[in-house]
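The following exercises concern the architecture of a protein model. Each consists of a task and a solution worked in steps.

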Amino acid sequence: MSELRVRFAPSPTGYLHVGGARTALFNWLFARKEGGTFILRIEDTDVERSTKESLDAILEGMKWLGLEWDEGPFYQSDSFPLYKEYVQKLLDAGKAYKCYCTAEKLDAKRTLAMQEGRKPKYDGTCRERGVLPDGRPYVVRFRAPQNGVTSFDDLIKGTITFPNEELDDLIIQRTDGTPTYNFCVVIDDATMRITTVIRGDDHVNNTPRQVQLYEALGFPVPQFAHVPMILGTDKARLSKRHGATSVIAYRDMGFLPEALINYLVRLGWSHGDDEIFSRDEMIQKFDIHNVGRSASVFNTEKLLWLNAHYIKNGDPERLAALLLPHLSSREVTTLGGPNLVAVVKTLQERAQTLEEMAGRAVFYYNTPVSYDDAALAKFDKEQLLAVFAAVTAKLSSVPANDAAGIDALFKEVCSENGWKMGQVGQPVRIALSGGTQAPGIGEIVVTLGVEETVRRIQKAQEFVSAK
């Protein structure tokens, strides 16, 4: 058996969509599982819509997800001479012909066919017409078989059969001499020795035309696996109106690549009831035959759950490095402040995204300039001042790195004054962070340091006194 070779072939006319990322992932996993080769090909023949920005975003998204390619990236635009060579081969063999029908004439034929209840396909006017004098514009059409059927065995959907009478003579070269999508794909896949084509099932209708081209050119026909679409919660095809669809957008929202990869692999593929997979486990367990035939619904809540799992169990040093851009976007500098790794350790238990973690980390580096008035209003002014005074008096006697000792200190303050923990802990949390949503008091004090903790409590004390 020849070496397995698969490819991911995005068009640089936009960002890397999560649907495209899943297709790339399935190809990558299949190659890694079978010891094959994963090829990246950029289908940039749409010169007007292809941009460097889109190309950079695709490559950046692939690298961020860790979907490293073995060969490429190759660019279709570099292969125009090759495509012309194969168009000429089909013309010379009588398997393609020049079509001189104008766009207006073709539109009229389609309109008439639809009015008569016929399928609006090309009627073969130029199929046996022969070559007209030079100078008249033409396209090149593939001479498709008109009888019988074209079938292929799909690794996901099973055998798919198309009656040839429903397929018209495909244009393979436009009037300006540029090749068309279906023709380029066949030449690329054949010359790159692609053995398995894994792609979205929106390409199913292209496949019989491509199979006919492979056979006409004498190329081996690869295996096909058409992956069902990803839908939004309203069961419509996933789009921007459902939220972010760009891989890089998820990175910028604070998702981890391992969480997005884990989520995407479960969109349409399963291994029992397992939900969480390391990259090595995905490679070991992935089977293209276990990809379902039905479309999958993108569920942001499930993705958030997975992301929270990976943050909670992540390496604090790595998370700290990933958190920095999210803090910078808030104009927060960590210089001179608490150790960022220590900050992450206090927050990773509860954060769903790095963006959320960054928002909760701000108070560590920026002393509160205001306080949650509604939360403070729940406490008597004199009691607040008494709490702040009692806590600051005790703090100097506790080692700065002893969270357990600090927690014990608060219990001691409560015991000595007949207060409940909520009467002490919540006011101090507000004094240190400005609000009520913050880590445990012991964690905060250890992270900020006793000196900074006392300074902040005294500042809150002055604020309350002045009210």
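**Exercise 1. Internal space**

How many cavities of 30 Å³ or more does a search of the whole structure find? Describe the lining of the largest cavity by residue, element and class.

*Solution.* The model is a predicted one.

Step 1. The search of the whole structure returns one cavity of 30 Å³ or more. The volume of the largest cavity is about 30 Å³.

Step 2. Its lining consists of Tyr371, Leu376, Phe388, Pro427, Ile430, Ala431, Ala460, Phe463 and Val464. Two or more residues of this lining come from helix H17 (421–433) and likewise from helix H19 (450–465).

Step 3. Sorted by class, the lining of the largest cavity comprises nine nonpolar residues, no polar and no charged ones.

**Exercise 2. The largest pocket**

Determine the volume of the largest pocket, the residues nearest its centre and the elements that contribute to its lining.

*Solution.*

Step 1. The largest pocket holds about 940 Å³ of space.

Step 2. Its lining numbers 34 residues, and those nearest the centre of the pocket are Ala9, Pro10, Ser11, Asp202 and His203.

Step 3. At least two lining residues are supplied by each of S1, helix H1 (18–34) and strand S9 (196–200). The greatest contribution is that of H1, with four residues.

Step 4. By class, the lining of the largest pocket divides into 13 nonpolar, 12 polar and nine charged residues.

**Exercise 3. The parallel sheet and its helix**

In what order do the strands of the sheet containing S1, S2 and S3 lie? Explain why one side of S1 and one side of S3 have no neighbour in the sheet.

*Solution.*

Step 1. The three strands form an open sheet with the order S1-S2-S3, and their pairing is parallel.

Step 2. Strand S1 (5–8) and strand S3 (71–75) are at the edges and have a single partner strand each, so one side of each lacks a neighbour in the sheet. From one strand to the next, the twist averages 25°.

Step 3. Helix H2 (residues 52–65) packs on this sheet and touches S1, S2 and S3. The direction of H2 makes about 160° with that of S2.

Step 4. S2 (residues 37–42) and S3 run parallel and are joined by three bridges. Ile39 is found opposite Glu71 in S3.

**Exercise 4. The antiparallel sheet**

Identify the edge strands of the sheet formed by S4, S5 and S8, and give the bridge partner of Ala96 in S5.

*Solution.*

Step 1. In this open sheet of three strands the order is S4-S5-S8, with antiparallel pairing.

Step 2. The edge strands are strand S4 (96–99) and strand S8 (171–173), each of which pairs on one side only. Here the twist averages 45° from one strand to the next.

Step 3. Four bridges link S4 with strand S5 (residues 139–142), the two running antiparallel. Within S5, Phe142 is the bridge partner of Ala96.

**Exercise 5. A helix pair**

Are H1 and H8 roughly parallel or roughly perpendicular to each other? List the residues through which they meet.

*Solution.*

Step 1. Two packed helices are described by the angle and the distance between their axes.

Step 2. The axes of H1 and helix H8 (residues 257–265) come within 10 Å and cross at roughly 80°. Angles of 65 to 115 degrees count as roughly perpendicular; H1 and H8 are therefore roughly perpendicular to each other.

Step 3. From H1, the residues Val18, Ala21, Arg22, Leu25, Phe26 and Leu29 meet Ile261, Leu264 and Val265 of H8. The contact of H1 with H8 thus has, by class, eight nonpolar residues, no polar and one charged.

Key: Residues are numbered from 1 along each chain as its sequence is written. This is a predicted model: local features need pLDDT of at least 70, side-chain atom pairs count only at pLDDT 80 or more; totals for chains, interfaces and linings use all residues. Side-chain values use heavy atoms; hydrogens and water are left out. Two strands pair if DSSP finds at least two bridges between them. Axes are lines fitted to C-alpha atoms, for helices over the stretch in contact, and angles run from 0 to 180 degrees between N-to-C directions. Contact means heavy atoms within 4.5 Å. On a 1 Å grid over the protein atoms alone, a cavity is a set of points where a 1.4 Å probe fits but cannot get out, and a pocket is an open set with protein on both sides within 12 Å along at least five of seven lines; lining residues have an atom within 4 Å of a point. Grid points are joined across faces, edges and corners, and a volume is the space filled by probe spheres set on the points. Angles under 35 degrees count as roughly parallel, over 145 as roughly antiparallel, 65 to 115 as roughly perpendicular and the rest as oblique.
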